[in-house]
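Please look over the model shown below, with attention to its nonpolar core, its enclosed space and one asparagine.

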Amino acid sequence: MKKLLVLLFLATGVMSVHAQKIGLKAGLNFANAVYEESQTSLSTDALVGPQFGIVADFPIDSEWAFNTGILYSQKGLKMDFIGVEVKVPVQYLEVPLNLAYKHDLESLKLFVQAGPYLALGLSAKAKSGGEEEKIEFGSDDDQIKGYDAGLNIGAGVEIEKLQLGVNYGLGLLDLENDNDAKMKNSVFSITLAFFFGN
């Protein structure tokens, strides 16, 4: 945990020095992971959870920019399993790496962006029928992988120092170790960011 905090501190310092804009972002994730068991796809519902963290914007020219950040992001799924609601929230520390195109409309800017993300699992649990069970990260069949990677695609609007955006994150890695099950993250998010730079 200490090494993780040191890494976050250093990364934040690097972003502050080199980025033209650094800011804070917060919003909601609507996680709806793709889940299959014994080659049968199970229907899932959106699990609502938080997303927040530090973001940075590195302009390339007047229209293109690279943006990244360090985000706390809840993913996972919610589903009905034999008449019982099951929630599986999985907490991640996520680093997006996006290339953005911005179109200036004088009073505001429209943007679209896309790129990969990397995520480190922080905690996971299964909730059902009033009971709660911790899910361990690891390589055993009853554990899930402690990392994730995928692709982001998003769009939004910038008005001065505020940025309102929507994003879809498609997980590319199977989080399950059990060969009879498969789980991939799928998250739609709505966020608001405030930037401190020019």
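## Nonpolar core

In the largest nonpolar core (a set of buried Ala, Val, Leu, Ile, Met, Phe, Trp, Tyr and Cys residues joined through side-chain atoms within 4.5 Å, where buried means under 20% relative accessible area with a 1.4 Å probe and protein chains only), Tyr-35, Leu-77, Val-88, Val-90 and Met-183 are the ones, of 16 residues, that touch the most other members. At least two residues of this core come from each of strand S6 (64-81), S7, strand S8 (109-128) and strand S12 (181-184), and S7 gives the largest share, four residues. Strands here are DSSP runs (E, at least two residues), numbered from the N terminus.

This is a predicted model, in which local features need pLDDT of at least 70, side-chain atom pairs count only at pLDDT 80 or more, and totals for chains, interfaces and linings use all residues. Residues are numbered from 1 along each chain as its sequence is written, and side-chain values use heavy atoms, with hydrogens and water left out.

## Asn-98

Asn-98 is placed in strand S7 (residues 84-104), and it counts as buried because its relative accessibility is 4%. A polar atom of its side chain lies 3.4 Å from the backbone nitrogen of Gly-115. Leaving aside neighbours within four places in sequence, the contacts of Asn-98 (heavy atoms within 4.5 Å) include Phe-66, Gln-113 and Asn-152.

## Lining of the largest cavity

The residues that line the largest cavity, where lining residues have an atom within 4 Å of a point on a 1 Å grid at which a 1.4 Å probe fits but cannot get out, number 28, and among them Lys-25, Gln-51, Leu-71, Gln-113 and Asn-167 lie nearest its centre.

Key. Buried means under 20% relative accessible area, exposed over 50%, partly exposed in between (1.4 Å probe, protein chains only). A polar contact is a pair of N or O atoms within 3.5 Å; within protein, one must be able to donate a hydrogen and the other to accept it, and residues adjacent in sequence count only if both atoms are side-chain atoms. On a 1 Å grid over the protein atoms alone, a cavity is a set of points where a 1.4 Å probe fits but cannot get out, and a pocket is an open set with protein on both sides within 12 Å along at least five of seven lines; lining residues have an atom within 4 Å of a point.
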